[in-house]
Amino acid sequence: MENLLKISQVAEAAEISLTTAKYYQREGLIRPVRKTGRNMAYYGPETVERIRLIRKLQAERFYPLAVIRRILDQGAGDAAEAELLRAINRTGAEDDLTPIPLDQAADEAGLPPEQVQVLTEAGLIRPERRNGALWCRRQDLRLMNLARRRLEAGIPVRQTAEVFSLYDRHLRQAARRDMSLLLRDAMLSPTLTAREALEIINVSDETMDQFIAMRRYALNAEAGGQLLARVERFLAQLERFGRELLRRLPPDTPLLDQLAEVLDGGAAADPLLSCFGELLGLRSRGIADALSALHRARSLFAEERGAPLVRRALGCAAAVLAPEELGFPAPAPNYDLPQSLLALLEEIQSEKEMQP
């Protein structure tokens with residue numbers, strides 16, 4: 001029995017628990033080469049490598065033990081069957097599931113820990129703790145690289161996490177249903193061979209990838225067009241509101257001259273007044289300029305600065321007219337713009353009458 005190992009020695013050499021080793025033995029994943037009694041058996045040294053392969057297939061390919069047993073029992077004798085199993089469990093790049101320390105992945109991607117945490121909290125990265133350290137997979141590093149590229153282009157990591165999670169949830173549900181339907185409608189055949197099944201899966205994957213990309217572009221174009229139309233409507237409504245406000249204000253209203261000037265494209269010392277005039281001229285400018293000006297206006301609304309009159313007027317307009325996508329407050333329920341405008345004008349008139 002030279003070089004043969006007891007199961008406890010196998011477990012120690014393979015760095016697994018004795019309980020796990022005995023479970024593998026009960027499941028037929030490892031087998032003794034010699035039994036000397038009811039409870040005494042010896043295993044060959046190759047059993048250690050077999051266990052390491054089992055652990056690798058579990059960790060990197062997510063194979064269930066029943067599939068692992070089939071792979072180990074067939075060995076390399078049936079190349080078509082082995083290729084079919086790889087196709088069914090395909091992940092993308094060959095090293096997608098290779099473990100890598102999480103901090104190393106973050107360093108390679110150039111993302112600070114707080115941004116990696118955002119992706120983790122969204123469920124896009126699922127690190128595992130091993131020997132006191134956090135590990136992820138190469139595919140997680142690729143996702144971090146995507147987040148970094150988007151960040152460099154001006155897309156916040158939180159937006160990336162939100163939209164990637166949205167796609168992930170729906171794709172996960174679609175993938176499960178896709179595999180179920182593929183099995184039912186294409187792979188249940190009395191004469192199906194491994195090569196035929198492999199071709200079905202390869203064609204299914206390729207055409208589905210193309211379909212998803214094609215539809216995403218089409219749907220994004222549709223959604224983008226709708227958003228642009230909403231922005232254009234908002235700008236047109238805001239311009240009409242400003243002109244109507246100017247028309248209704250009493251002739252001796254403070255700042256009236258400055259307000260009239262910015263409505264005609266001029267500038268004012270008050271930043272909110274200048275921003276108001278800029279907003280009203282956005283319809284003749286590009287979409288990037290319009291979005292930049294809207295961002296500046298939103299920031300000014302949030303600050304305690306600028307003419308109170310204009311702040312109140314634009315607050316009335318933005319609360320009703322601005323899409324939430326532009327970052328302005330959502331309108332209050334039953335908000336009536338004409339009545340709010342009249343109330344604002346009455347308040348202005350009252351303040352004027354109280355002046356000495």
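Visitor: Among contacts in the protein chain between residues at least 6 apart in sequence, what percentage join residues at least 24 apart?

Guide: This is a predicted model, in which local features need pLDDT of at least 70 and side-chain atom pairs count only at pLDDT 80 or more, while totals for chains, interfaces and linings use all residues. Residues are numbered from 1 along each chain as its sequence is written, and side-chain values use heavy atoms, with hydrogens and water left out. Contact means heavy atoms within 4.5 Å. Among the contacts in question, the share that joins residues at least 24 apart is 61%.

Visitor: Which residues outside its neighbours within four places in sequence is Ile51 in contact with?

Guide: Ile51 belongs to the largest nonpolar core, where it is among the six residues that touch the most other members. Such a core is a set of buried Ala, Val, Leu, Ile, Met, Phe, Trp, Tyr and Cys residues joined through side-chain atoms within 4.5 Å. Beyond those neighbours, Ile51 is in contact with Val10, Ala14, Ile16, Tyr24 and Ile30.

Visitor: Is Tyr24 buried or exposed?

Guide: Buried means under 20% relative accessible area, exposed over 50%, and partly exposed in between (1.4 Å probe, protein chains only). The relative accessible area of Tyr24 is 2%, so Tyr24 is buried.

Visitor: Are the rings of Tyr23 and Tyr24 stacked, edge-to-face or tilted?

Guide: Rings of Phe, Tyr and Trp (its six-membered ring) pair if their centres lie within 6.5 Å; planes under 30 degrees apart count as stacked, over 60 as edge-to-face and the rest as tilted. The centres of Tyr23 and Tyr24 are 6.5 Å apart and their planes stand at 50°, so the pair is tilted.
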